[in-house]
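Open the model in your viewer and keep the selection tool ready. We will go stop by stop.

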Amino acid sequence: MNKTYCPSLTEYKRRVARVVNIGGVPMGGDYPIRVQSMTTVDTMDTLGSVEQTLRMVAAGCEYVRITAPSVKEAQNLLEIKKELRARGCNVPLIADIHFTPNAAELAARIVEKVRVNPGNYADKKKFEEIEYTDASYAAEVERIRERFRPLVKICKQYGTAMRIGTNHGSLSDRILSRYGDTPLGMVESALEFLRLCEEENYHDVVLSMKASNTQVMVQAYRLLVQKLDEEGLQPYPLHLGVTEAGEAEDGRIKSAVGIGTLLEDGLGDTVRVSLTEAPEAEAPVARMLIDRYVGRAATARPIRPLVGPEPLNPFQYLRRHTHEVANFGGLNVPRVVADLSRLPRLEYGDLRAAGHLYSQFLDKFQMSDLGADYIYTGERPVPFMLPNGLKEIVNYTAWADTGRRLDHYPLMTADRYMADPRRSGLPEHHPQLNFLLLSLDVLDAALLARLRDDRAVVVALVTTNAHAMPELRRAFFELINAGVSCPVVICRAHGPQPAAQTQLDAATDAGGLLIDGLGDGVALSTELLTEMPQEAWLGTVGGLNQLSFGILQAARTRMSKTEYISCPSCGRTLFDLQETTALIRQRTDHLKGIKIGIMGCIVNGPGEMADADYGYVGVGKGKIALYRGQDVIKKAVPEERAVDELIELMREDGKWIEKEVVGEPVGV
């Protein structure tokens, strides 16, 4: 199978897409990657929509999308556009269409772009398994094509662009019956519509493959690019986004894992970050993700080219085969290492930065769900006994100097690792677990041969290249091709920059590897720590520890906390999404590993929740439907009772546990 989905796996090269002009703001080609978002005000509220659009443009939006769920909203887009133009705002407007071809055909005469979802534009989804013969399948496709054709002709006549936007959760019953709930099904859903556009000689098309599951999302975009090339279709521009990313830190991390992974390989022409927050909060996050690649080609160090085929399937998740070393690799979840090496002296209370909380009153430690598995202390080992379950990594010299303790695990350089202890006079390695600091440039034949036979070493993989993720990935390829199966910890040190940027950068660099099954642990650090006061230093380390767990969860490799799959608000939302999400989080955030979908309306309903365990969906003003998976369990629950009813549903399933109230440990 052809695995080519990007211009280069080692060199930063942006995919050259066809240029699509959208209201005088072109996308694709050599034009900058564009930022966009979506209004949350009712589309019938003309002045409210205008005011919010102006705020979004001021925040950095280059395109603004507005929902048009019916013909009356589509008609009102004209009033919104008139008022914006009267105020001197020429931002291109995009109509968001679901279920209603009539609204799309009207909107296409008014706005600069329409977005259609092939899963529900003329197709249907009733969550039924339907058996199609080849003939009945073909007849259904032809029916959909004829329903879609008028919109294509109108767009062509009016010079209106179109996004064919597949969503993982709203694939039609017909697509699901043939392709299943897969990236291939997502791609084929869009290609059915795209082929008709090409037949009509209409090419002002943008494509998207959105999912809340970052693994599925990345695989679908890659497969789409490969299929376009395989079928000889034009390289249409890509709109990148993770649906229902959520709010706050979790939403930003999840967006960066999905969107950043694709940007690293030069894919993407416009970005929308979907947060359960005001839309003007989304544009700055998208801009931070995009700006990382401005000048990337000029600052990146050349990476050793890959010889032979890529050793992974980029369209399917498969974790790299590793043997077990202590609790790394094999079937173990990826581990988290917290860097405490720059603290001059370590006290019991300071371990809270690594998620281990000490109560002076009880003289006991309590580990949170975000408790690090290892701490790295460098040259200064901890002077007291660590809480049960927490292990310590020290530099090799410190390990040798303090008597080669079995409860300390040494970190060594490649030179130290390859040295003959009989000649150097230094002790042998730890009998159970050693850490080896490596970068791609030192991976030679002799080192690889030794690693192949070593059953007590874990590689700590580092890079200083600006093009970091591809260099780390290239090192993984070297290990795989050489038959080395030792576990690898992904190590990233970020320089002096705001914490919000480090959050996105680390999520991209580590998450992009984890999504491909590469990595058995994460160790994050920052170079900001030399002159910081101890409290600020501990806060930074605590933030990095929490970030590590967030990245593992966003990449679907270690579930350590409740996951909220919540859509961004839009004009269709039937309740206050931010307030409701906060309330549900407050009541349920102790339920480790449970996934809860919170959707503002039926468009972003059971399908969009993808693999959520439970769903909370607006079905009318003040009315909520509760789901178990994709099955509706309770219909039209009054909003004021809905959270209690959701908890009761979990209780019936044996999934509910009461939140434990623990006194706050001293020093926290």
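Select proline 334. It sits in the loop between helix H10 (296-299) and strand E11 (335-339). Helices (H or I, at least four residues) and strands (E, at least two) are DSSP runs, numbered from the N terminus. This is a predicted model, in which local features need pLDDT of at least 70 and side-chain atom pairs count only at pLDDT 80 or more, while totals for chains, interfaces and linings use all residues. Residues are numbered from 1 along each chain as its sequence is written, and side-chain values use heavy atoms, with hydrogens and water left out.

Is proline 334 buried or exposed? Its relative accessibility is 3%, so proline 334 counts as buried. Buried means under 20% relative accessible area, exposed means over 50%, and partly exposed lies in between (1.4 Å probe, protein chains only). Now show what proline 334 touches: Arg319, Gly519, Asp520, Gly521, Leu552, Thr557 and Arg558, not counting residues up to four places away in sequence. Contact here means heavy atoms within 4.5 Å.

Next, jump to glutamate 62. Its C-alpha atom is separated by 39 Å from that of proline 334, and the two residues are 272 residues apart along the chain.

Now select strand E4, residues 63-67. Five of its five residues are buried, so E4 is largely enclosed by the rest of the structure. Look at the side chains. Tyr63, Arg65 and Thr67 point one way, and Val64 and Ile66 point the other way.

Which strands pair with E4? Add strand E3, residues 34-38. E3 and E4 run parallel and are joined by three bridges. Two strands pair if DSSP finds at least two bridges between them. Find glutamine 36: its bridge partner in E4 is tyrosine 63. Follow the chain from E3 through helix H1 (residues 46-59) to E4, a β-α-β crossover that is right-handed. Right-handed means that, with the strands pointing away from the viewer, the path from the first strand over the helix to the second runs clockwise.

Then add strand E5, residues 93-97. E4 and E5 pair in the parallel sense over four bridges. Here arginine 65 stands opposite isoleucine 94. The chain crosses from E4 through helix H2 (residues 71-86) to E5, and this β-α-β crossover is right-handed.

Stay on arginine 65. It is buried, with a relative accessible area of 4%. Among the residues that arginine 65 touches are Gln36, Asp96, Arg115, Arg163, Lys210 and Arg272.

Select helix H1. It has 14 residues and reaches 20 Å from its first C-alpha to its last, close to the 20 Å expected at 1.5 Å a residue. The expected span is 1.5 Å times one less than the number of residues. Colour its buried residues: Thr46, Gly48, Ser49, Val50, Gln52, Thr53 and Met56. They pack against E3, E4 and H2. After H1 comes glycine 60, whose phi is positive, near 120°.

Finally, zoom out to the protein chain. Its secondary structure comes to 19 helices and 25 strands. The radius of gyration (taken over C-alpha atoms) is 26 Å, close to the 26 Å that the globule rule gives for 668 residues, so the chain is as compact as a globular protein of that length. That rule is 2.2 Å times the number of residues to the power 0.38. The C-alpha trace spans about 80 × 55 × 55 Å along its principal axes. Buried residues make up 61% of the 668 residues.
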